[in-house]
Each structure stands twice: as C-alpha cells, then as structure tokens.
Amino acid sequence: MDERQLRILRELGELGSVTAVAEALLVTPSAISQQLRLLQRAMPVPLTERQGRRLALTDAGQALADAAIEVETALARARHTVAEFVDRPDGEVSVAAFHSAGSAFFPLLLRGLAAPGGPRPAFADEDVPQADFPPLTREYDLVLAHRLEHAPSWPRTVTATTLLREPLDVAMPADHPLAVKRRLVPRDVADQPWITVHDGFPLMATIEAIATAAGQRLHLAHRINEFAVVAEAVAAGGGLALMPRWTTRPHPALVLKPLTGVRARRHIDALYRPERTARKAVRTVLAELHRAADAIRRQDR
C-alpha cells in the first residue's frame, strides 16, 4: 500500500462512491478503481462492500481509513520539517465560515492578525447544509461550521474544536404582544407565523422540537437563511424567527426572548484536517479564533 491508496480509501469512506472520490481528487474513476484493487490485493480481508448504491467501507476498511488519517498527519509533519516552512509565522491561511459566523469572527480576526509578520487570512463565505461542512476541509485550512447542541458529532474525517455554545432566541418586533414576557415556552409561540431556514440547515431541528413540545405544527411562512434578511422580515411583521444571541447584529426594531422547554442552542465549531495544524500560521489563526470567541461572549455580558 502507498499514501495515495490510503488517501483514496479515506475519501471513499466519506464520499461513498468512486465517482465522487475521482471528482474530489481530480482523477478518473478508472484510476480510483485501479488503486482500490491494488490496495485490496495487499489485504487479507475485504475493505469495501456494497450498501445499495453506496460503496461503503467494511470494519477492516474503516480501521485502515482511520489509520490513514494518522499516516497523512505523520507524512504532512515530515514534509513540513523544513524550518522555513513549518516555523514560518506568516503565510496565507484560508478560513471559510457560514454567514453569521463570518460576520462575527472575520472582523475580529482581521484586527487580531493585523500585526506585521503574522498569518495572512483569506476568507470565504460558505452557506451550506450541515452535512456539507466537513468536505470543505479539503479546500480550506479552517472551516467554521454550526450544529445543534444535541446533533451527532462531526465525522472522524475531521478534527473539531468548539468556539461557541450559542443560545438561540426568539426574535420578534419590539411591540409584539409576546415582547412583555421575560421568557417564552413553545405554547407561547406555536400559533405564530415563522420565518425559518431551508431544510437541511441546523435550526430546522429546533423548529421541529418547538412543534413537538407544543403538540401542533408550526406555520412556516417564509424560508430565509441570511439572518440580516430575516431580521428585516421579522421587523416588518412577517413572523417570529429563531436567531443566535451573539453572532447576529442587534436590530433596533427587534427584541430577542429566551426560549425554554426545548434545547435551543447551537455549537460554532472550527473544523480542520489534523495535518493542516502542522503549520504554525494555521495554529496561530486557530488560537486567534478562540480569542475572538471569548470577545464575542464578553460582549453579551
């Protein structure tokens, strides 16, 4: 076996098809299939099996794929032993984030990394469903992703560190009848129209939990992902919305009310492939992300 074959097996475990792996690695499907056959010949047990239309890893294949992560990390470190690269404090570090995280974190990173000789951050916005965040670690050094507190952990293909555990509040116009309440429960808001995200995005699970706790379906009047647009729609009387407490800008016409009776909290996590942190510049940016998260929490106090 060689490094290329282990990389293919690792990607297959994540993507589930030869075609998808070929697209990710910019090679032909036949080249991927050939490398998998060569790897299989060196193994005494099957590494893959069909599960419907998906080509899945067997237990042995998954064990080898997990080991491949360690191999890639070790090889990455070995390649980066040249001091002028590994210990170089500057260099470009790519950071992707969904919109509200980018709005909150990017300005703080720019200020925190402004000193000469430090890393040069290169930002990108990536507003994707939750399942699509881990694959982004192939393109970016660091990916800011969100998931609900009770959602499954991120896959083993990436390393995750939590930056914020952020409450989700109910946003409403300041003159709304519910604005006089200090806290809300699901029954308070079940009869209201709602502005919520598209299916596949984390906040939908909390909307569904509100409906379950209240014992009735919610009227989902509008589907909008961008919180700045949501805020304007709420202010105009379009309905209630769940909004993060810390990472969205305050709106003068809105109030946010805590919600009890359901688990209304999201994680903002930094995802990355472990070999990326062999670079000092990436470690510096990751540390600055944690300082930025502390600053965001302090603003609420």
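The following exchange concerns a predicted model and asks how its buried residue, cavities and pockets earn their descriptions.

Reader: Why is Ile296 called buried?

Author: The relative accessible area of Ile296 is 2%. Buried means under 20%, so Ile296, at 2%, is called buried.

Reader: Where does Ile296 lie, and which residues does Ile296 touch?

Author: Ile296 lies in helix 10, which covers residues 280-300. Not counting residues up to four places away in sequence, Ile296 touches Ala104, Phe105, Leu108, Leu164, Trp246 and Thr247.

Reader: What makes these touches count as contacts?

Author: A contact requires heavy atoms within 4.5 Å. Ala104 is one of the residues listed as touching Ile296, and therefore the two have heavy atoms within that cut-off.

Reader: Why is the space lined by Phe98, His99 and Ser100, among others, called a cavity?

Author: A cavity is a space where a 1.4 Å probe fits but cannot get out. The largest cavity has a volume of about 130 Å³, and its lining also includes Asp127, His146 and Glu226.

Reader: What makes two residues in the lining of the largest cavity count as charged?

Author: Asp and Glu belong to the charged class. The lining includes Asp127 and Glu226, so these two residues count as charged. The rest of that lining divides into six nonpolar and four polar residues.

Reader: How do you know that the second largest cavity has no charged residue in its lining?

Author: The charged class holds Asp, Glu, Lys and Arg. The lining consists of Ile195, Thr196, Val197, Leu203, Ile207, Ile224, Phe227, Val230, Ala241 and Leu242, and therefore no charged residue is found there. The division is nine nonpolar, one polar and no charged. The second largest cavity holds about 40 Å³ of space.

Reader: Which elements supply at least two residues each to the lining of the second largest cavity?

Author: They are strand 7 (193-196), helix 8 (203-214), helix 9 (227-235) and strand 9 (240-244).

Reader: What makes a pocket something other than a cavity?

Author: A pocket is an open set of points, whereas the probe in a cavity cannot get out. The largest pocket holds about 410 Å³ of space. Among its 20 lining residues, Trp246, Thr247, Thr248, Arg249 and Pro250 lie nearest its centre. Helix 6 gives the largest share of this lining, five residues.

Reader: Why does Arg249 count as charged?

Author: Arg is in the charged class, so Arg249, in the lining of the largest pocket, counts as charged. This lining has 11 nonpolar, five polar and four charged residues.

Conventions. Residues are numbered from 1 along each chain as its sequence is written. This is a predicted model: local features need pLDDT of at least 70, side-chain atom pairs count only at pLDDT 80 or more; totals for chains, interfaces and linings use all residues. Side-chain values use heavy atoms; hydrogens and water are left out. Helices (H or I, at least four residues) and strands (E, at least two) are DSSP runs, numbered from the N terminus. Buried means under 20% relative accessible area, exposed over 50%, partly exposed in between (1.4 Å probe, protein chains only). On a 1 Å grid over the protein atoms alone, a cavity is a set of points where a 1.4 Å probe fits but cannot get out, and a pocket is an open set with protein on both sides within 12 Å along at least five of seven lines; lining residues have an atom within 4 Å of a point. Grid points are joined across faces, edges and corners, and a volume is the space filled by probe spheres set on the points.
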